[in-house]
Amino acid sequence: MAATSLEMMLIANQYYQKKVQHIKWIKKIGLEHAVLITIILLAATISIMAVSSSDNPIYQRNGFRLVGFEFNLKALWFNIGTFFGFFLQFLIMYLCGYLLFLINSRLLVSKILKEKGLLIYLLALSTTIALLYPLLAQLLISLPINTVFGRSIFETNPFELENAFGAFAIMLISLPVVLALQWGKQNNKILSLEKEKSQHELDLLKQQLNPHFFFNTLNNLYALSLQKSDKTPESILQLSELMRYTIYKGQEKTVKLSQEIDYVNDYIQLQQIRLRKTLHFEFDQQVENDQIDIAPLLLIVFIENAFKHGIEPAEDAATLKLSLITTDDLLSFKCENSFDPEELNKTRGIGLDNLKKRLELLYPNRYTLHITTIGNIFKAELKLQLT
């Protein structure tokens, strides 16, 4: 018997998980309110059927009535007072069961079972039923419908164990639903906290990214001013555009790939102006659709790292090779640059570390990032699953 009850509880719990909790209106108003609305509708429906079938002799049995499956709006209109009388009594009857459901949900399961364990929960459950069932039974016995519909719906003695079994059955049947409800609330709370934590971490990473880029651009501007280059005004304007993109577009969730490519090209052009050494630069682009959406300021991190730790410190000519290949659902970006092997043992700043964290937050399980060094070539390859 115990095994059968447990199986029924598990089946009910699984049904709730797969069916009930995914219904949009239940998720919106909450399960407890959904149960209350269902009770009200059930009481109203049975009351309408009772009034509709009241004059039908088929449902008359030796001085008491049966509720027939009939819906007669005319009979309802002429017996509206009787309808409200029935409705109020049926509603009280069902609300007694709803009270037990609430006690089980809000107190016995959420407080006692969760904090004290199964044994204390069973003792508290038995005590609650022992205290409440005579009171609720006495209330239900006093309702006129107790003798109108059937010889006696409830036993005339409020202390009958049958009434206690009824209360216990309500608690038992509602337990898997209550457990699922508690699990759903806890799971939603955990998901909400994880989302807030991820967003907070992402905001912090963006705040770190902007100063990092800002210091780099200031260095660029300072170098140009020392050279007294005729291109200084144009470069200042380019820096302004780059900063505007970083500050405003960098705060958006996504940008068009074409915008990110333009940003990369402008940055490289500005860097080449101030370099005194030869830079062998290649940028291979095989882009099917430059209007796909990606997170902003991802590609630039590789290029910033290449200039800061490979190209700028180089004493002779340096190389930078970029490759961008995209389809509608996949982006592949490669960055290869020459570097001094001694630089490998030095810190590379926060750029690549932040990039890895951003990728984990923005593209979890949808990206691969490989960083390798062969001789004096530093190679980074990023693949993003866009859909």
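Start by showing the molecular surface of the whole chain: the accessible surface comes to about 22,700 Å², and 60% of that area belongs to carbon and sulfur atoms. Keep in mind throughout that you are looking at a predicted model.

**Stop 1: the whole chain**

Switch to a cartoon view. You should find twelve helices and nine strands in the chain. Now colour the residues by burial: of the 387 residues, 41% are buried. If you turn on contacts and keep those between residues at least 6 apart in sequence, 72% of them join residues at least 24 apart.

**Stop 2: helix H5**

Select residues 80–116. This is helix H5, with 37 residues. Try drawing a distance from the first C-alpha of H5 to the last: the helix reaches 50 Å, close to the 54 Å expected at 1.5 Å a residue. Where does H5 bend? Click on Leu108, and you will see a bend of about 45° there. Then step past the end of the helix to Gly117, which follows H5 and has a positive phi, near 105°.

**Stop 3: helix H6**

Next, select residues 118–141, which make up helix H6. This helix has 24 residues, and its span from first C-alpha to last is 33 Å, close to the 34 Å expected at 1.5 Å a residue. Zoom in on Leu132 to find a kink of about 35°, and look just beyond the kink for the proline Pro134.

Show the side chains of H6 and sort them by burial. The buried ones include Tyr121, Ala124, Leu125 and Thr128. Further along H6, Tyr133, Pro134 and Leu136 are also among the buried residues.

Now look for Leu119, also in H6. Is Leu119 buried or exposed? Leu119 counts as exposed because its relative accessible area is 61%, and the cut-off for exposed is over 50%. Add Ile120 and Leu123 to your selection: with Leu119 they form a nonpolar patch on the surface, with about 300 Å² of accessible area together.

**Stop 4: the salt bridges**

Side chains of opposite charge can pair when their charged atoms come close. How many salt bridges are there to visit? The count comes to three, and here is each one in turn.

- Select Arg244 and Glu241. Their side chains meet in a salt bridge, 2.9 Å from N to O. Both belong to helix H9 (residues 232–248), and because they are three residues apart in this helix, about one helical turn separates them. Arg244 is partly exposed, at 40% relative accessibility, and Glu241 is partly exposed too, at 43%.
- Move on to Lys249 and Glu252, whose side chains form a salt bridge at 3.8 Å, N to O. Lys249 is partly exposed, with a relative accessible area of 25%, and Glu252 is partly exposed at 34%.
- Finish with Asp293 and Lys256, which meet in a salt bridge at 3.0 Å, N to O. Asp293 lies in strand E5 (residues 293–294) and Lys256 in strand E3 (residues 255–256), so this pair ties together parts that are 37 residues apart in sequence. Asp293 is partly exposed at 39% relative accessibility, and Lys256 is partly exposed with a relative accessible area of 31%.

**Stop 5: Gln272**

Select Gln272 in helix H10 (residues 257–274). Gln272 is partly exposed, with a relative accessible area of 34%. Which residues does Gln272 contact, leaving aside its neighbours within four places in sequence? Show Leu279 and Phe281 to see them. Then draw a distance from the C-alpha of Gln272 to that of Phe307: the two residues are 35 apart along the chain, and these atoms are separated by 10.0 Å.

**Stop 6: Thr326**

For the last stop, select residues 318–326, which form strand E6, and pick out Thr326. Thr326 counts as buried because its relative accessible area is 1%, and the cut-off for buried is under 20%. What surrounds Thr326, once neighbours within four places in sequence are set aside? Its contacts are Leu257, Gln286, Val287, Glu288, Asn289, Ile292 and Leu331. Show these residues as sticks, then rotate the view around Thr326 to pick out each contact.

Note on methods:
Residues numbered from 1 in each chain as written. Predicted model: local features only at pLDDT ≥ 70, side-chain atom pairs only at ≥ 80, totals over all residues. Heavy atoms only, no water. Helix = DSSP H or I, 4+ residues; strand = E, 2+ residues; numbered from the N terminus. Buried < 20%, exposed > 50% of the residue type's maximum accessible area, 1.4 Å probe, protein only. Contact = heavy atoms within 4.5 Å. Areas by Shrake-Rupley, 256 points an atom, 1.4 Å probe, with all protein chains shown as cover. Expected span 1.5 Å × (residues − 1). Bend = angle between axes of the 7 residues up to and from the residue. Salt bridge = Lys/Arg side-chain N within 4 Å of Asp/Glu carboxyl O. Patch = residues over 30% accessible without salt bridge, like charges linked within 9 Å, V, L, I, M, F, W, Y side chains within 5 Å.
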